[in-house]
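Colleague: Please take a close look at the salt bridges in this model and explain them to a first-year student.

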Amino acid sequence: MARQANTSLVAGLSAAILAAFGLPLVLGGQWTGIFTSTACFAMAAMGAGFMYSRLGMVSLAQVALMGVGGWVTLRLNHAFSLPFETNLILAAVVTSVLGMLLAIPALRMRGLYLALVTLMVAGGLEVVFTAYQFPNGGAGFWGVGTSFAAEMRRPVLAQSDGAYLTYTLLVAMLGLLLIMAHRQTAPGRAWALIRRSEAAAIASGTNVTFYKTWAFGLSGLLAGLGGGLLAGSLGLLDASSFRASESILLFALVIVGGARFWLGAVIAAVLYRVAPGLLNNWGVDADLALIFFGAALLHAVTTAPDGIAGQITGLFRRREAKA
Amino acid sequence: MIALDGVTVRFGGLVALDAISAQFEAAVSGIIGPNGAGKTTTMNVISGFLTPKSGAVVVDGTDLVGMSPHKRPHWGLRRSFQREQIADDLSVLGNLLSLADNLHGSRAERRANVDAALEFVGITAMAGRMGASLNTYERRLTDLARCLVGQPRLIMLDEPAGGLTVEESAHLGDIILRIGGFCPAQVLVIDHDVDLIARICAQTLVLDFGRRIAFGPTAAVLADPAVKAAYLGIEVDHA
Ligand SMILES: Nc1ncnc2c1ncn2[C@@H]1O[C@H](COP(=O)(O)OP(=O)(O)OP(=O)(O)O)[C@@H](O)[C@H]1O
Ligand SMILES: [Mg+2]
């Protein structure tokens, strides 16, 4: 089992590095941007996926938290002349702390109630984003000016869209490694035990509050990174991208993709970002994607609890077993 | 010594434990009684999952009431649950490490503690297997091994032989009897299997409807007519 996990890790890393450097070469202009934002949403999806699969906690605020990461990145970018990396890290930290705060009301709750609390937070953030919009270089704390668009700085090493895609994919990969490192060490074990039962975790001396808060912080961190990178990619963010319904959609797609697998987060993000673009290209109404997603979710819930990634992994395992 | 002094627990109108007092001095002691007698409730009080309405729990001179439950393993308390609590997505080793993670000491020390517990229970060979792949017996052994990590002072096992065959249960009993040679912990066992209790426990507390029916040397307790009467129902149930 451990060996399988390692093989899957090596395969994943190689694929990610290949994609990070290869994709920008083969993609056309519009697609470079779409894949960059796909990688950003994949980071948020990873957070939701590990929370769900390792702790059994449903967080419906991941996209809203991306909005927070994006907001902070833009705000810092237009207020100071710090390098992009500094803004990104600060944004990730702020989002992570917000994620942990979100954990406080959630600690005593489970299942549906926990999901509802996170959804309420997403709703609250939606209201704030819609009311104040995202900083674009204007004056004041909210930094929003009319018909205004100050420059959004990018990393020194990743000025072009292609290089920025590589950069984003590499950060996403680091995020994935961060989750994997957690799973191999004390927090991962504590999470596994908490998922088995909180009583068992407590009886083993696990500080359940601490490790749950940590999980929220980690998943917030990933969402913050994704949001910050999205801000760097687009330069401007729009409140409509971070509605509560988007958080729900992303979570649903994580289930469809397979919450237990890194591939699941990738599939979720691709479905989330690429599928509507493809439908658009084909001249089909992008809203049709929602119907398709709904059917896929039904399929996942009823017959494939491990999602598409689980089915793919199962296929490979069966082949290996036969060979 | 585990000293319960007038421990009372109420759930609404139900008196789950009615001023229970008992002083366990034996290396291995038992708690028996029919379903709903208050056995698990007693363990929940000692492990801090329930705060008694009144009464004291003093173990080796430490008053445990008030110590938060997740700090008790650090003090030296271990417990298992009526339903085994093995995490399916951790290996056997990972399941033991999940307890060791919360103890003091260097990584190497904690790992050595885990290895010693695996070795003692005799499951070193399956350390790498995932929880999901274990059968009932292997799960119970892993649960027991987790309770032995890191020099515990008090180990409480809630129906450790639940779901096991007669042979498996006997083997488990042997291991429990040997615990004294592995660490200085006092062991408290709940089980419905009276034969197992009679074999491994020197002292036994019998509960029924939250009341203490008998307490003392196991043989004497089991010969008590009041105990026999309380157990009549169970004997019929098992037949
Ligand atoms: N959290 C709780 N809330 C309400 N009632 C409870 C709770 N826990 C236990 N009880 C009740 O307290 C009584 C004692 O329960 P307990 O679990 O201690 O029994 P037990 O002796 O362990 O029984 P069994 O052999 O079935 O495990 C039962 O009537 C049970 O229904
Ligand atoms: Mg019980």
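Modeller: What follows goes through three of the salt bridges and then a network. This is a predicted model, where local features need pLDDT of at least 70, side-chain atom pairs count only at pLDDT 80 or more, and totals for chains, interfaces and linings use all residues. Residues are numbered from 1 along each chain as its sequence is written, chains are lettered from A and ligands numbered from 1 in the order in which they are written, and side-chain values use heavy atoms, with hydrogens and water left out.

A salt bridge is a side-chain nitrogen of Lys or Arg within 4 Å of a carboxyl oxygen of Asp or Glu. The whole structure holds 13 of them over all chains.

One of these pairs A:Arg195 with B:Asp89, with 3.1 Å between the closest N and O atoms. A:Arg195 sits in helix H7 of chain A and B:Asp89 in the loop between strand S6 and helix H3 of chain B, so the pair joins two chains. Helices (H or I, at least four residues) and strands (E, at least two) are DSSP runs, numbered from the N terminus. A:Arg195 is partly exposed at 39% relative accessible area, and B:Asp89 is partly exposed at 21%. Buried means under 20%, exposed over 50%, and partly exposed in between (1.4 Å probe, protein chains only).

Within chain B, B:Arg139 and B:Asp88 form a salt bridge at 2.5 Å, N to O. B:Arg139 belongs to helix H5 and B:Asp88 to the loop between S6 and H3, 51 residues apart. B:Arg139 is buried at 11%, whereas B:Asp88 is partly exposed at 36%.

B:Arg111 and B:Asp115 also meet in a salt bridge, at 3.3 Å. These two residues are four apart in helix H4 of chain B, which means about one helical turn separates them. Salt bridges that share partners join A:Arg196, B:Glu84, B:Asp88 and B:Arg139 into one network.
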